[in-house]
Amino acid sequence: MDAAELLGIFEAERDRGLALVAGAATLDDLEAAQVEVIGRKSAFSAAQKSLGGLSDEDRRVAGKAANEARQAIQGAIDERREALQLVAGAALLEADRIDLTLPGRRPRTGSLHPLTIVEREIVEVFLRLGFRVVEGPEIEDDWHNFQALNIPPDHPARTMKDTIYPAIPGRADLVLRTETSAAQIRTMQSQPPPVHIVSPGRVYRRETSDATHLPVFHQVECLVVDEGITFAHLKGTLEIVAKALFGQSRRIRLGPAYFPFVEPGAEVGVSCFKCDGAGCRVCGNGWIELLGSGMVHPQVLENCGYDSERYTGFAFGMGVERFAMLRYGVTDLRAFFENDLAFLRQFA
Ligand code: 2NL
């Protein structure tokens, strides 16, 4: 090929290239145009390679034209690429655009179980009175759960009917605790009087489930031991606790009751918070039976290493479920254990 033909190719390819570049709508189009017009296998590159066959003078002129044409195309490509990148970036931004004025999606948080709410509320009353919280194991041994509490081996509460015995090989003496008193026994064993404690927690009984019975329930027990503690201290404390939980205008009443670990024992009723003692659907006769109580049996004190001639004490225990049912008007105990979110969310 002579110089005129090559000059023609460079000029024609430059014009074709500029047109292709101008028409490239995307970065991919532009890339394809570059390969086609000035790539290694392009007509342009082939023509440039054949410059070597020209005379010095022709090669100088045609070579200059080739370089100028290539620079024109490359310049157009660079310019176009920048413009297309701007467009692509703007499109990305637009696609990623979020509306900051939309309301957020609030993460769903859990809430306290109604029994936890009520248990804490009960414990809170005792904390305000200066009591300390103690906890103990739910798997107890026979001594802490029964013997220390003056419950002899032939006591009705010890038969299989009332107690759940976990199948632990070689440990026939273990039980699922039937009251949280066991934790209080452990506290008395570990320290001298005075003792002012409450022990909240789960307890277990062999029961067939119905609206008012379950094999697992919750208790808060209260224990005071010191020199000079009398029945008046028990009664005063009960009154303060009943008023704190059910309202300052409540009254309490005591009646005789038997528990092996107290002497004397008393059942405690509180005047109804709905009808104030007149009688209604909540209470029946104006009184709500609330808890069991008594003066700690001297034998229980001796079992823990306390001198029962010097020290006396009172104790009482209340059911958390019973209190929660009264508080929230729940009529079926099983509702607390079904994990029905529609039920539980009411307490959030
Ligand atoms: C009830 C009755 C009661 C106690 C619990 C107690 C604890 C020790 C010593 C003596 Cl360490 N007594 N606790 C006393 C009387 C009654 O609970 O009906 N609870 C739900």
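Helix α7 (181-190) is largely enclosed by the rest of the structure, because seven of its 10 residues are buried. The model is predicted. The buried residues of α7 are Ser181, Ala182, Ala183, Gln184, Ile185, Thr187 and Met188. These buried residues pack against three helical or strand neighbours early in the chain numbering, namely β1 (132-133), β2 (139-141) and α6 (142-145). They also pack against β4 (195-204), β5 and α9 (298-303).

Helix α7 also serves the ligand shell. Four residues of the shell come from α7, and this is the largest share. In total, 15 residues surround the ligand. The closest are Glu221, Phe261, Gly292, Ala315 and Gly317. By class, the shell has eight nonpolar, six polar and one charged residues.

Now the polar contacts. A polar side-chain atom of Glu221 lies 2.9 Å from a nitrogen atom of the ligand. Gly317 uses its backbone: a polar atom there is 3.2 Å from a ligand nitrogen. Gln219 uses its side chain, with an N or O atom 3.4 Å from a nitrogen atom of the ligand.

How much of the ligand is covered? Taken alone, the ligand exposes 490 Å², and the protein buries 88% of that. Four elements each give two or more residues to the shell: α7, β5 (216-226), β8 (287-296) and β9 (312-319). Strand β5 thus appears twice, as a contributor to the shell and as a packing partner of the buried residues of α7.

Technical notes: Residues are numbered from 1 along each chain as its sequence is written. This is a predicted model: local features need pLDDT of at least 70, side-chain atom pairs count only at pLDDT 80 or more; totals for chains, interfaces and linings use all residues. Side-chain values use heavy atoms; hydrogens and water are left out. A residue is near a molecule or strand if one of its heavy atoms lies within 4 Å of it. A polar contact is a pair of N or O atoms within 3.5 Å; within protein, one must be able to donate a hydrogen and the other to accept it, and residues adjacent in sequence count only if both atoms are side-chain atoms. Accessible areas come from the Shrake-Rupley method with a 1.4 Å probe; for residues, only the protein chains shown count as cover. Ala, Val, Leu, Ile, Met, Phe, Trp, Tyr, Cys and Pro count as nonpolar, Asp, Glu, Lys and Arg as charged, and the others, Gly among them, as polar. Buried means under 20% relative accessible area, exposed over 50%, partly exposed in between (1.4 Å probe, protein chains only). Contact means heavy atoms within 4.5 Å.
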